[in-house]
Structures are given as C-alpha cells and as structure tokens.
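Here's a walk through one model, written for someone who likes to know the cut-offs behind the words. Have the sequence and coordinates open as you read.

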Amino acid sequence: MNGVRSKKLQKEQIKQMSTDTDKTEVGSYFISNYPPFSQWKKENIAEVETVLTQPPHEEVPLGLYLHIPFCRKRCKFCYFKVFTDNNAKDIENYVAALCREIEMVSKLPVMGDRPFRFVYFGGGTPSYLSSRQLTSLVDRLRANINWDQAEEVTFECEPGTLKEPKVHTLRQLGVTRLSLGVENFTDEILNENGRAHLSDEIYRAWEWIKAADFPNVNIDLISGMVGETWENWKYNISKTLELSPESITIYQMELPYNTVYSKDILGNKIGIPVADWSLKRDWVNYAFDEFLANGYHVSSAYTVVKDPEKVNFSYRDNLWQGSDLLATGIASFGHVSGVHYQNKAELAEYISDLTEKSQLPLGRAYTPTAEQSLIREMILQLKKGFLEVSYFKTKFNVDIIEHFAEQWTTHKSKGFLDFNQDRVELSRKGLLHADALLPPFFEDKFRDVRYT
Ligand SMILES: C[S@@+](CC[C@H](N)C(=O)[O-])C[C@H]1O[C@@H](n2cnc3c(N)ncnc32)[C@H](O)[C@@H]1O
Ligand code: SF4
C-alpha cells in the first residue's frame, strides 16, 4: 500500500484523479479517509498514545476492527495486505498476537464504559481460519471483551473457504452480517483474475448461509474484472438476483500500484484489458436499474439493500459519522478521540511488539484539524448519495453549502448533483462517479500528494 513511486507516476495519478480520464490506469485508488494516508506519520504516534490513555467522549459510538490477513491465493487485482501459503503455526502466532492486542486494548482508558456498537472481522479472509481456530480465537477474545450489545458483527468470507460446520460456528459466535466475496459467477473470469474459488463453491456456500439465517448477508461483486463482457455482466446480475441477498456491493475495478496486474502492466509491460471507467459505470448503472426494479434500494454509491429500515451497515454508517474505531491486527486503520492511526504493516514487527515488547504496534498517526474532520465526514457521507446540511451545522458549525459553494456549483453544472440550503443529493450520474467527485474538496496542500 505504501510503495515508493516515481515522480512521473505520481503525476499520472494526480492527472487521473483530477480529470477522471476514461482509461483504468495503474495508480487509481479508493478514497476511504482524509487527510490522505501518506500524511499520517510515525512521528505523530504520541498523539494517539495520549488519547488512548485518556477517558473517551462517552457519547461517541465505539467499534472494533480485527484484521485477518490470510488468503488462500492472492487475487491479481487485490491491493490488501495479505499472506498466502501459511501453515497452522503462522496462523496461531498471528492469532495469539491479535488476542494479546485485544487484551491490551480492552484495558485502555479510552474504552470507558462504552460497549462495542459494531465489530468487523475483515481481511484478507477471516473465513480462512478453520472452525477450531475461530472458536479458539473467539474464546480468547471473550476473556477480555464481548460484543453482546453490538448491533452488527460483520465477518468477511471467501466462498471456497466455507464449510457447513464453519457457517454454523460463525452464526453461534454472534456474526450478524456475513459478507461474501463472490465477485463474479463465471469460472473463466474467476480463474483469470486469480480468485481461489469457482462458481460451484458460491452455490454450495449459499445453501449453508441461507440455512443458518443470518440477519444480513452481503454479496460483493466487481464491475470490470479482466475478461468481463456485457453478456457476462448481465449473467452476474441475474445470478445475484436469484440468490436474493439482503445487500449487494459493487466495486468498480481499481488498479492500485501493488496489485499483480499493476506490476504486470508497469514492470513487465503486459497489456491487461481492464474495462474503461465509462464501461464499468455503465455496468454498475445497469445493475442498479435491475436491482431497483427487483425491490432493492440504493444505500450508497456501491451498495443496494432490500430493506433500508433495518440496520444495514452499522460499521459504514458509524465510521462515516466520525465514530471511534479501535483497529487491531496488522496494518489496520483506526480512529479514536479525533486522532487517525494505523498499526504497523510488517508482520514480524507487529508480532514482536505485542508478544515480546508488550506494546501496542502503532505505526503512524495524524490528528486532523476541525476543517479536515469536516471534509472527511462530508466526502465519506457523500458516498451515501446525499448530505443533510443541518448535520454539519450542528456538529461543525459550518454551512457546507456556503463553505464549498464553488465545488457544489461545478458538480451541479456537470449533472452530478443538485442542492438547496438543506440538502445535497447526488444524481445517478453522480453516484456512478462518486469517487471522482471527492478530490475537489481536498485542501490545496493535499491535492498534489500521493494518497496512500
Ligand atoms: C477483503 S475482500 C473480501 C473478503 C475476501 N477476501 C474475498 O475476497 O472474498 C474485500 C473486497 O474488496 C474488493 N476488491 C479487492 N481488490 C479490489 C480492486 N482492485 N478493485 C475493486 N475492488 C476490489 C473485492 O470485491 C473484495 O470482495
Ligand atoms: S480480494 Fe480477498 S481473497 Fe483476494 S487477495 Fe484480496 S483479500 Fe484475499
């Protein structure tokens, strides 16, 4: 994620973000925070250490993220910090360090009396752990924390890692939202893109998941996998509708620097046919139309849900409203009492900090100004498709319509959104371009820096 890049590549990246060129270039990225991660520094770690050891703002919701960085195989498009070819001992060493981290975190004054409102097991592939490893992990976690009062416990799964007893174990452990990385229903495409699973494994896992009756099941799809065509995309959407999950998330294929495909393109000069942005957007547009026609509702630029009245994605909604998130696991991102932080990204260091030095594996931090916190919440919430002006007046004492008048007017003139003094509302075109609408809100000093 934090690779060093040449000036030329950085310029290309900036060009891409500022002009939204149509070609899917290497260096595209997904905006999930502000200020850019590249600005978070090791030198600021004392700032997060201070807030961790102070009582919290009790009214701020608290969440927990646990990162499980193992996968069966590295997908050729994936930019996450993951390890493959692991043996049981590697996993046990990691899980032991993670449990130690949770034990330390659970004693921090910043916990206060707050229960966890949401918990997220993300990856990597948390479902890579066996039932036995999972039960042992949760038993050890429960010695220090519980999520009995959480309104949502999410667990990310790769279809081919699931077995019937493991699905039951997940339900028993309190998982309420199971997120399944389907990505595509066609074996040739799954195979070409380096996925470890094939379509049979999706259908097999689906029967077990349905039988276990989770309150919320999400399916992830990617628009623009290598080999995708209109015909196949339509097939993906009809298959997804047949499964009829509570929630469907579609990501438009990005090519950040550290993916196998990006390295092939840049280093080995191999042409990788990833669809242009306009085609990927057309595919998402088609999918939204189909899902809406079948009773789903838009929940964000990426997600449709069957029933918006249910708590559908507590993790996302709380995080986008500035909740605290205690980050555990290698390279995890967190936010606590107004300070951003990330754990160390090197496995050996992460483990030795916890197991030998008995210290939290904090890697870098950043304390946003009030203006930066406002921008962060505003651009993240914009991904939901609308903003309530009163929310920002109450929380930040800023009229966002006046404050960002130029950006709203420009975006409106291009048909991305409409606004009045109370509300900003993205059009369908705006939803499809959501990520490209965000950089204009960045402060000048962060426009020309790399993002990660
Ligand atoms: C941590 S994975 C989900 C769980 C599990 N590891 C899996 O892949 O099945 C999160 C999701 O990120 C998405 N993703 C990963 N790399 C991507 C890329 N380069 N562009 C768009 N989406 C991507 C995929 O849809 C994937 O399901
Ligand atoms: S997309 Fe999921 S399974 Fe594939 S490498 Fe990334 S985290 Fe692992």
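Let's start with P36, which sits in the loop between α1 (7-19) and α2 (45-52). Helices here are DSSP runs of H or I with at least four residues, strands are runs of E with at least two, and both are numbered from the N terminus. Before going further: this is a predicted model, where local features need pLDDT of at least 70 and side-chain atom pairs count only at pLDDT 80 or more, while totals for chains, interfaces and linings use all residues. Residues are numbered from 1 along each chain as its sequence is written, and chains are lettered from A and ligands numbered from 1 in the order in which they are written.

Back to the loop. P36 is partly exposed because 18 other C-beta atoms lie within 10 Å; buried takes 20 or more such atoms within 10 Å, exposed 12 or fewer, and partly exposed is in between, with C-beta atoms placed from the backbone. Leaving out neighbours within four places in sequence, P36 is in contact with F446, V449 and Y451, where contact puts the C-beta atoms, placed from the backbone, within 7 Å. R376 is 340 residues away from P36 in sequence, yet their C-alpha atoms are 9.9 Å apart.

**The strands**

Strand β1 (62-68) is largely enclosed by the rest of the structure, because seven of its seven residues are buried. L62, L64, L66 and I68 point one way, and G63, Y65 and H67 the other. Strand β15 (residues 423-426) tells another story: V424 and L426 point to one face and are buried, while R423 and E425 point to the other and are not. A three-residue hairpin joins β14 to β15.

Here is how these strands pair (DSSP has to find at least two bridges between them):

| Pair | Bridges | Sense |
|---|---|---|
| β1 and β9 | five | parallel |
| β1 and β2 | six | parallel |
| β13 and β15 | three | antiparallel |
| β14 and β15 | three | antiparallel |

For individual partners, L62 stands opposite D324 in β9, and Y65 is bridged to Y120 in β2. V424 in β15 is the bridge partner of L387 and also of F419.

**Helix and core**

Helix α3 (residues 88-106) has 19 residues and reaches 26 Å from first to last C-alpha, close to the 27 Å expected; that expectation is 1.5 Å times one less than the number of residues. Y94, A97, L98, C99, E101 and I102 are its buried residues, and their cover includes β1, α4 (131-142), β9 (324-328) and α12 (347-355).

The largest nonpolar core (buried Ala, Val, Leu, Ile, Met, Phe, Trp, Tyr and Cys joined through C-beta atoms within 7 Å) has 116 residues, with V48, V119 and L178 making the most contacts inside it. Helix α13 (residues 370-382) gives the largest share, six residues. Setting aside residues up to four places away in sequence, V119 touches G63, L64, W147, A150 and V153.

**Around the ligands**

Which residues come nearest to ligand 1? They are E156, E158, G181, D220 and Y251, out of 19 around it, counting a residue as near if its C-beta atom, placed from the backbone, lies within 6 Å. Strands β2 (118-123), β4 (177-183) and β5 (216-223) each give two or more residues to this shell. The residues around ligand 2 include C71, C75, C78, E158 and G181.

How values were computed:
Contact = placed C-beta atoms within 7 Å.
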